[in-house]
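Let's take a walk through this protein together, one stop at a time. Have the sequence and the 3D view side by side as you read.

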Amino acid sequence: MPIDPNTAASPESGIFGLEDTPEQARVVLVPAPFEATTSGRRGTADGPAAIVDASRQVDLRDIGMGDPWRPGIAMLDADPRIREASDRAVRIAERRSEAAMSAEELGVVDELCAQTNGWIGAAIGEWLERGKLVGLLGGD
């Protein structure tokens, strides 16, 4: 269905209210709901979903740039392994917030971070190989 930038986006629509699939879109966004190493308050793992929700309120019409959304923008579904790794690392970090982490605990957190980087890198590489412009939305 054609997009009318003058109408409200549906809550079920994709980023910016667009209906593009990653295969159709020129720009593919990879969500990274990870926050294991934040130094401030928790909540950055919810960033990608919050960005999608807020994006539906963005006016797509731009007098100076025209319609830069027309080539398509789509966001992938979040890889559940990323959130699971983040949650596990956060539990370790929060348990140890009063004292320094043991070398073993630090090793677990480091491994979870490395796994997450691998999953994100693989997703980005896949879409780059398909000729897409790729963006990353985090998270930490």
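## A stroll through the model

Start in the middle of things: the largest nonpolar core is made of 11 residues, namely Ala32, Phe34, Ala36, Ile82, Ala85, Ala89, Ile92, Val109, Leu112, Cys113 and Ile120. The elements that give two or more residues to this core are α2 (80–95) and α3 (103–129). Apart from this core there's another one, with 8 residues, including Leu18, Leu29, Trp69 and Leu137. Keep in mind that you're looking at a predicted model.

Now step back for the whole picture. The protein chain has 3 helices and 3 strands, and if you read along the sequence they come in the pattern β-α-β-α-α-β. Put a box around the C-alpha atoms, along the principal axes, and it would be roughly 55 × 30 × 25 Å. Of the chain's 140 residues, 34% count as buried. The chain exposes about 8,600 Å², and 53% of that is supplied by carbon and sulfur atoms.

How do parts of the sequence meet? Take the contacts between residues at least 6 apart in sequence: 78% of them join residues at least 24 apart. A pair from the largest core shows this on a small scale. Ile82 and Phe34 sit 48 residues apart in sequence, yet their C-alpha atoms are 6.3 Å apart in space.

Let's stay with that pair for a moment. Ile82 has its place in helix α2. Is Ile82 buried or exposed? Its relative accessibility is 2%, so it counts as buried, the cut-off being under 20%. Leaving out residues up to four places away in sequence, Ile82 touches Pro31, Ala32, Pro33, Phe34, Thr116, Trp119 and Ile120. Phe34, counted in the same way, has its own list of partners: Thr44, Ala45, Ile82, Ala85, Ser86, Leu112, Cys113, Thr116, Gly139 and Asp140.

One of those partners, Ser86, deserves a look of its own. Ser86 also belongs to helix α2, and with a relative accessible area of 0% it is buried. Setting aside its neighbours within four places in sequence, Ser86 is in contact with Pro33, Phe34, Glu35 and Ala36.

Next, head over to strand β1 (residues 27–32), where you'll find Val28. Val28 is buried, with a relative accessible area of 0%. What does Val28 touch, once residues up to four places away in sequence are left out? The partners are Pro22, Ala74, Leu76, Trp127, Lys132, Leu133, Val134 and Gly135. For another view of sequence and space, try Val28 and Asp62: these two are 34 residues apart in sequence, and their C-alpha atoms are 21 Å apart.

Our last stop is an open space. Rolling a probe the size of a water molecule over the atoms shows where empty space is left. The second largest pocket has a volume of about 220 Å³. It is lined by 14 residues, and those closest to its centre are Val52, Met75, Leu76, Asp77 and Ala78. You've already come across Leu76, as one of the residues touched by Val28. Which element gives the largest share of the lining? That would be helix α1 (residues 47–55), with 3 residues. As for chemical character, the lining of this pocket divides into 10 nonpolar, 2 polar and 2 charged residues.

How values were computed:
Residues numbered from 1 in each chain as written. Predicted model: local features only at pLDDT ≥ 70, side-chain atom pairs only at ≥ 80, totals over all residues. Heavy atoms only, no water. 1 Å grid on protein atoms, 1.4 Å probe; cavity = no way out; pocket = protein on both sides within 12 Å on 5 of 7 lines; lining within 4 Å. Points joined across faces, edges and corners; volume = space filled by probe spheres on them. Helix = DSSP H or I, 4+ residues; strand = E, 2+ residues; numbered from the N terminus. Nonpolar A, V, L, I, M, F, W, Y, C, P; charged D, E, K, R; others polar. Core = buried A, V, L, I, M, F, W, Y, C linked by side-chain atoms within 4.5 Å. Buried < 20%, exposed > 50% of the residue type's maximum accessible area, 1.4 Å probe, protein only. Contact = heavy atoms within 4.5 Å. Areas by Shrake-Rupley, 256 points an atom, 1.4 Å probe, with all protein chains shown as cover.
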